[in-house]
Amino acid sequence: MKLTLWTYEGPPHVGAMRVATGMRGLHYVLHAPQGDTYADLLFTMIERRDHRPPVTYTTFQARDLGGDTATLFKTACADAVARFNPEALIVGASCTAELIQDDPAGLAGSMDLGIPVIPLDLPSYQRKEGFGTDETFLQIVRHLAKPCARSEKITANLIGPTALGFRHRDDITEVTRLLADMGIGVNVVAPMTARPSDIARLPAAHFNVLMYPEHAESAARWLEREYKQPFTKTVPIGVGATRDFLAEVGTLTGLPVKSDTSRLRLPWWTRSVDSTYLTGKRVFIFGDGTHVAAAARIARDEMGFDVAGIGCFNREMARPIRTLAKDYGIEALITDDYLEVEAAISALQPEMILGTQMERHIGKRLGIPCAVISAPVHVQDFPARYSPQMGWEGANVIFDTWIHPLVMGLEEHLLHMFRDDFEFHDEAGASHHGAAHKPREQGAEAAPAAADAAGSMPAPDAPLSEVANDHTDPQTADILWLSDAEKELKKIPFFVRGKARRNTEKFAFEKGLTRISVDTLYEAKAHYAR
């Protein structure tokens with residue numbers, strides 16, 4: 001563990017909370033100090049749920065450490081059962097409570113609570129949130145699943161969606177529609193929306209749809225081993241992956257593949273001339289392993305992007321992401337340190353970032369557009385509207401989400417590029433509103449020298465720029481940009497501006513220059529164009 005400003009994953013007990021909050025009729029008793037109750041805000045404020053998580057904290061304080069904290073835990077268990085009347089109870093300790101070694105599992109097991117009690121062993125100092133969701137769901141399934149006959153109609157379980165998941169609510173609806181097109185029903189969705197009594201009938205389904213391997217692969221493998229239930233290996237995010245998923249379902253069930261693709265609106269655009277605008281755009285992809293792998297395939301095979309960098313923060317997915325990166329001819333970045341991610345993005349200077357809320361902030365700082373594809377996310381990525389990532393409608397949503405930052409970013413660049421023009425300056429008024437042209441007032445900031453002198457370059461002895469240079473190469477740290485060169489650099493489209501800056505600084509360093517003027521900028525352009 002370490003102190004950090006941002007984190008991709010919380011401790012494993014937050015993963016257990018995600019499972020408990022997604023389910024109904026399940027309660028989580030967490031042995032934790034008062035400060036660990038912060039996790040409630042993740043669900044009520046960020047996910048905007050209308051009820052708090054089903055978690056009871058023992059909330060011991062420093063003065064309690066000299067007494068009997070075990071009694072506090074047992075009292076909390078008894079009170080939770082009496083107040084909430086759950087069908088089952090899961091018990092565990094937070095990272096802080098783990099240090100006092102009160103053994104919540106043993107304490108709860110010694111009590112006659114009248115309901116199933118499921119102990120969680122979540123090593124807070126070795127594992128993180130993703131492990132917490134996977135291990136918690138596995139233990140719930142192991143304790144509650146019961147042998148039962150297969151359903152007469154072919155059905156599937158949808159396993160993996162949890163609270164705080166990236167579009168999990170809407171992905172459930174979309175995958176249910178995909179299966180319904182093939183005449184397949186849904187037996188149980190879990191953890192999200194399931195009750196402990198629903199977990200008991202998981203074995204009735206003919207197969208499992210593993211929606212998110214990070215959260216349910218251990219449970220899927222256990223069900224396969226104990227109840228002979230196969231599970232799908234393809235996550236249906238993107239057009240190609242959705243077709244592969246349906247083919248896999250057809251193989252598992254023996255049913256012909258049927259699907260209503262009339263909702264899919266991506267192919268027409270890929271056949272249009274406008275789609276060539278995206279061809280070859282360099283993207284950096286980072287997030288959880290499942291969404292990164294899906295995004296890489298969409299970026300290269302369906303959007304025509306060039307995948308310049310790829311990585312994930314959950315080490316449980318490190319091996320498949322490293323293997324995938326080799327197929328793309330790049331090296332994967334496996335880290336949970338956002339500063340390492342920022343350094344990689346800064347060095348690569350991609351035209352676009354596909355990542356989490358962390359990468360969105362990094363993109364803002366570096367001036368690179370970003371589309372969010374993975375948790376952790378903030379409130380704006382828990383929309384009230386229907387916005388899945390999976391299936392045909394998910395492909396439409398992804399198309400909109402990825403295209404808009406690039407297209408609107410270009411529009412913003414053009415507006416910024418002409419903001420000092422004598423005809424299009426900020427005070428001129430909106431021409432499409434029919435407003436009369438307002439000339440620039442005397443004494444207002446003058447247009448660039450390039451416009452004043454009918455296209456000539458600003459004087460080479462222009463003052464130094466007041467904007468701090470963001471050098472990524474220590475060799476060029478002493479090189480300064482003149483203000484006229486900074487203005488000219490901003491006229492270069494945002495998606496190649498970083499590369500132009502680096503090339504110009506490299507050119508200046510090789511020529512022994514310490515200041516970059518407009519002449520230097522264009523000399524560097526001519527040099528690298530040869």
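Ala, Val, Leu, Ile, Met, Phe, Trp, Tyr, Cys and Pro count here as nonpolar, Asp, Glu, Lys and Arg as charged, and the others, Gly among them, as polar. Keep that split at hand for the cavities below.

This is a predicted model, in which local features need pLDDT of at least 70, side-chain atom pairs count only at pLDDT 80 or more, and totals for chains, interfaces and linings use all residues. Residues are numbered from 1 along each chain as its sequence is written, and side-chain values use heavy atoms, with hydrogens and water left out.

**Stop 1: the open sheet**

Helices (H or I, at least four residues) and strands (E, at least two) are DSSP runs, numbered from the N terminus. Two strands pair if DSSP finds at least two bridges between them. Select the open sheet of four strands, order 2-1-3-4, with parallel pairing. At its edges, pick out strand 2 (55-57) and strand 4 (117-119), each paired on one side only. Neighbouring strands here are turned by 25° against each other on average, direction ignored. That angle is taken between axes, which are lines fitted to C-alpha atoms (for helices over the stretch in contact); angles run from 0 to 180 degrees between N-to-C directions.

Now select strand 1 (residues 26-31) and strand 3 (residues 88-93). They run parallel and are joined by six bridges. Center on Tyr28: Ile90 in strand 3 stands opposite.

**Stop 2: strand 11**

Move to strand 11 (residues 352-355). Is each face covered or open? Both are covered: Met352 and Leu354 are buried on one side, Ile353 and Gly355 on the other. Buried means under 20% relative accessible area, exposed over 50%, partly exposed in between (1.4 Å probe, protein chains only).

Add strand 8 (residues 282-287), which pairs with strand 11 in the parallel sense over three bridges. Ile285 stands opposite Leu354. Then add strand 12 (residues 370-372), which runs parallel to strand 11 and is joined to it by three bridges. Here Leu354 stands opposite Ala371.

**Stop 3: two cysteines**

Select Cys312. It is buried, at a relative accessible area of 0%. Cys370 is buried too, at 16%. How many disulfides does the structure hold? Zero, where a disulfide is a pair of cysteine sulfur atoms within 2.5 Å.

**Stop 4: the largest cavity**

A cavity is a set of points, on a 1 Å grid over the protein atoms alone, where a 1.4 Å probe fits but cannot get out; lining residues have an atom within 4 Å of a point. Grid points are joined across faces, edges and corners, and a volume is the space filled by probe spheres set on the points. Two cavities of 30 Å³ or more are counted.

The largest holds about 50 Å³ of space. Select its lining: Ile237, His291, Ala294, Ala295, Ile298, Ile373, Gln389, Ile398 and Trp402. Helix 11 (289-302) and helix 15 (391-417) are the elements that give two or more residues to this lining. Helix 11 gives the most, with four. Seven lining residues are nonpolar, two polar and none charged.

**Stop 5: the second largest cavity**

Here the space is about 40 Å³. Select Gly238, Val239, Leu266, Ile298, Glu302, Met303, Ala395, Ile398 and Phe399, which line this cavity. Again, helix 11 and helix 15 are the elements giving two or more residues. The largest share, three residues, comes from helix 15. Color by type to finish: seven nonpolar, one polar and one charged.

Key: 1 Å grid on protein atoms, 1.4 Å probe; cavity = no way out; pocket = protein on both sides within 12 Å on 5 of 7 lines; lining within 4 Å.
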